[in-house]
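User: Please take a close look at a single part of this structure. I would like one connected account of it.

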Amino acid sequence: MNTRRSGAALLITGLVLATAAGCASGAGETGPDSSATPTEKQTLAPTASSSPSADPQDPTTWIISDAGVGPIEIGAQLDETLTQLPDTWTNDENCSWTAWWNSEDSSYGVFFVRGTESDDAPLREISVYTAAEEPVAVPSPVTEAGLGIGATKEEVAAAYPGAEEGEAPIGGGTWLKLPGEGQAHVFFEFREGATGASDVVVTVGEQPSYEVCG
């Protein structure tokens, strides 16, 4: 993604980083990297998924919306969400507030994060990401407009005319925030110098977290 995770771009590199950094930003066997977690208790109401027919075993069937990503919903409980997903997902004591998964070919990964104020805090952020130097579209979760990892700013702006652009506070990356009325919003993140989106994030935050496991 852009700046939010210098390590998040490494998310797909594996558990080696997760072991070295506590819980790195890789997919597959690493976890998301971030320490930007909420300090105040939040109450988030789960909203109905926009892809009720999503196959939990197949993220390519998942739709990204401000409600969540496929069967993973903003406001839901982490433990309950994990029971709906295959055992290829990882959740360990290093980053107990996160869970992550990596595609077999390591082309992309997905992770989700609950608040850290309590063990039963609701899910507040979900990310579909790639560590590819030049992100391109791959079979993965997408929005109802068919956009996901690798989408360009021009494509996102054309599909969502009300998208708001902003800059990440660290790393020189940028993002486009999709319009919406929900408690969470969808962000397309662009690393500095990259044409395609490296991350598509659904979050209740003002912008995607720089780190989620630090």
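In what order do the seven strands of the open sheet run, and where does β4 stand in that order?

Analyst: This is a predicted model. The seven strands of the open sheet follow the order β4-β5-β6-β10-β9-β8-β7. Their pairing is antiparallel. β4 stands at one edge and β7 (164–167) at the other, each with a single partner strand, so one side of each has no neighbour in the sheet. From one strand to the next, the twist averages 20 degrees.

Now to β4 itself. The strand covers residues 98–102. β4 is an edge strand, yet it is mostly covered: five of its five residues are buried. Buried here means under 20% relative accessible area. The side chains go two ways. Thr98, Trp100 and Asn102 point one way from β4. Ala99 and Trp101 point the other way. Residues on both sides are buried.

Next comes the partner strand. β5 spans residues 109–114 and runs antiparallel to β4. Five bridges join the two. In one of these pairings, Trp101 of β4 has Val110 of β5 as its bridge partner. The hairpin of β4 and β5 has six residues between the strands. In that hairpin, Ser106 takes a positive phi near 60 degrees.

One step further in the order lies β6. β6 (residues 123–129) is joined to β5 by six bridges, again antiparallel. Here Phe112 stands opposite Ile126 in β6.

To recap the path: β4 pairs with β5 through five bridges, and β5 pairs with β6 through six.

How values were computed. Residues are numbered from 1 along each chain as its sequence is written. This is a predicted model: local features need pLDDT of at least 70, side-chain atom pairs count only at pLDDT 80 or more; totals for chains, interfaces and linings use all residues. Side-chain values use heavy atoms; hydrogens and water are left out. Buried means under 20% relative accessible area, exposed over 50%, partly exposed in between (1.4 Å probe, protein chains only). Helices (H or I, at least four residues) and strands (E, at least two) are DSSP runs, numbered from the N terminus. Two strands pair if DSSP finds at least two bridges between them. Axes are lines fitted to C-alpha atoms, for helices over the stretch in contact, and angles run from 0 to 180 degrees between N-to-C directions.
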